[in-house]
Amino acid sequence: MIQRLRSFAVVPNLFFSILLLILLTLALPLRTVAQTPTLDAEEQAFLKLINDYRAQNGASPLKVSIALTNASKWMSGDMAAKNYFSHTDSLGRDPFVRMAAFTYGYNSYRGENIAAGFSEAVNTFNQWKNSPGHNQNMLNPNYQVIGIGRASGPSSTYGWYWTTDFGSYVDATLDSQPGVVHNVTTVNAANYSSTVAPDAIVVTFGSNLATSTLSATSLPLPTNLAGTTVTVNGSAAQLLYISPTQINYVLPSSVGSGTVPVGIKNQGVMVADGTITVDTLSPSIFTVTANGQGVPAGLTTFDGISFQPIANPDGTARPLSVGTDANPNYLVLFGTGIRRLSGLSGVQVTIGGVAAVVQYAGAQSNYAGLDQLNVKLPTSLRGRGDVSVILVVDGRVANAVRINIGG
């Protein structure tokens, strides 16, 4: 009989896959870090031309997206260096795949203009203005940001190449007003509770939070990813994942209870701030759908060596065996905000209304901020089917999840 499941000498592939799912950030592909570009004199002249033209036609001015400008400059340089003229680049990517590769993959309106033959902005602008499709892109009222890039290829067919990429989602921009600080919202990463806890995984949502999309790939976690840093009540946070709209990190251990400030900087400049509510505990359980509802992202085991998933491949609940009194089955759940509990006696788990024995509740040693619960499945539940799992830690109730008890 197992007395405790806490950490595992060998992490099975199944266990590793589930942890990647619930942490989300480690499952995201590493992207190229976006460098902050600059516009040369002709590119700046084009920006003025297009924004003046849009103003004359009742459209809002375009801001210069860092990501789209990197994509545009790369595309123009690629055409100039490899002597071709096409929206499909030398890697076989269309404009939208290429924009996403430069971290502008938002589900928004997007478009691209390309031109060749002129180094000057005014001539390139007039080419597009006199072409119905290109002109429509320049005046499209849905677009809010632009990327601009031109490049020279002395031995190429046309000599000069221009690319402008357009998008409706406003990400990190070059022309944002200096000193503007955006407000952010911070929640528990597993159940989106507005109350968080020290050493727990939290998520901050906002806009223009980072200039790239990037995940941490090793321990100890960094406190700086691509120039992005987070401080909570003055303490640096360990970062799991950054993007323009979301940052996942571990709340510093030193943060005390109460309402405390959170600040986000890019390259040392404050870009966002807000407040968060901190309690000693913020118990929560990760779920397959990553929204704190439904089937938990977890495992069952009879011996601590072999594991079975709680969910089927399609995310539905798999029927679980409860075992026997002599050979019980154990439910292994993963969450966050649990480890600062007063003691095991302060943890109560009910499954289908039946009190279950909790063998372990605390930190999961392999991943920063991740907590683990080991619960013996009551044999009296055999054949109950769909049941709820309720976790209470020192009087604080976590998000309810559901499992399927087989016969």
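Colleague: Which residues of helix H2 are buried, and how wide is the arc within which they fall, seen down the axis?

Modeller: In this predicted model, the buried residues of H2 are Glu-43, Phe-46, Leu-47, Ile-50, Asn-51, Tyr-53 and Arg-54. Seen down the helix axis, these residues line one face of H2, because they fall within an arc of 160 degrees.

Colleague: What covers the buried residues of H2, and which residues are exposed on the other side?

Modeller: The cover over the buried residues of H2 includes strand S1, the helices H3, H5 and H6, and the strands S3 and S4. On the other side of H2, the exposed residues are Ala-41, Lys-48, Ala-55 and Gln-56.

Colleague: Which residue caps the N-terminal end of H2?

Modeller: The backbone nitrogen of Glu-42 has a side-chain oxygen 3.1 Å away, and this contact caps the N-terminal end of the helix. The residue that supplies the oxygen is Asp-40.

Colleague: How far apart are the end C-alpha atoms of H2?

Modeller: Helix H2 runs over residues 41–56, and at 1.5 Å a residue its 16 residues should span 22 Å. The model agrees with that expectation, since the end C-alpha atoms are 23 Å apart.

Colleague: Which residue of helix H3 meets Glu-43 in a salt bridge, and how many residues apart in sequence are the parts that the pair ties together?

Modeller: The side chain of Glu-43 meets that of Lys-73 at 2.8 Å, N to O, in a salt bridge. Lys-73 lies in H3 and Glu-43 in H2, so the pair ties together parts that are 30 residues apart in sequence. Glu-43 is buried, with a relative accessible area of 0%, whereas Lys-73 counts as partly exposed at 26% relative accessibility. The residue asked for is therefore Lys-73, and the separation is 30 residues.

Colleague: Is strand S4 largely enclosed or largely open, and how many of its residues are buried?

Modeller: Strand S4 covers residues 160–167 and is largely enclosed by the rest of the structure. This follows because the number of buried residues, out of 8, is 7.

Colleague: How many bridges join S4 to strand S2, and how many to strand S3?

Modeller: S2 pairs with S4 in the antiparallel sense, and Arg-110 has Gly-167 as its bridge partner in S4. S3 and S4 also run antiparallel, and in S4 the bridge partner of Gly-149 is Thr-163. The bridges between S2 and S4 number 7, and those between S3 and S4 number 8.

Technical notes. Residues numbered from 1 in each chain as written. Predicted model: local features only at pLDDT ≥ 70, side-chain atom pairs only at ≥ 80, totals over all residues. Heavy atoms only, no water. Buried < 20%, exposed > 50% of the residue type's maximum accessible area, 1.4 Å probe, protein only. Helix = DSSP H or I, 4+ residues; strand = E, 2+ residues; numbered from the N terminus. Pairing = 2+ DSSP bridges. Expected span 1.5 Å × (residues − 1). Arc of directions from axis to C-beta. Contact = heavy atoms within 4.5 Å. Polar contact = N/O pair within 3.5 Å; in protein donor to acceptor, adjacent residues only side chain to side chain. Salt bridge = Lys/Arg side-chain N within 4 Å of Asp/Glu carboxyl O.
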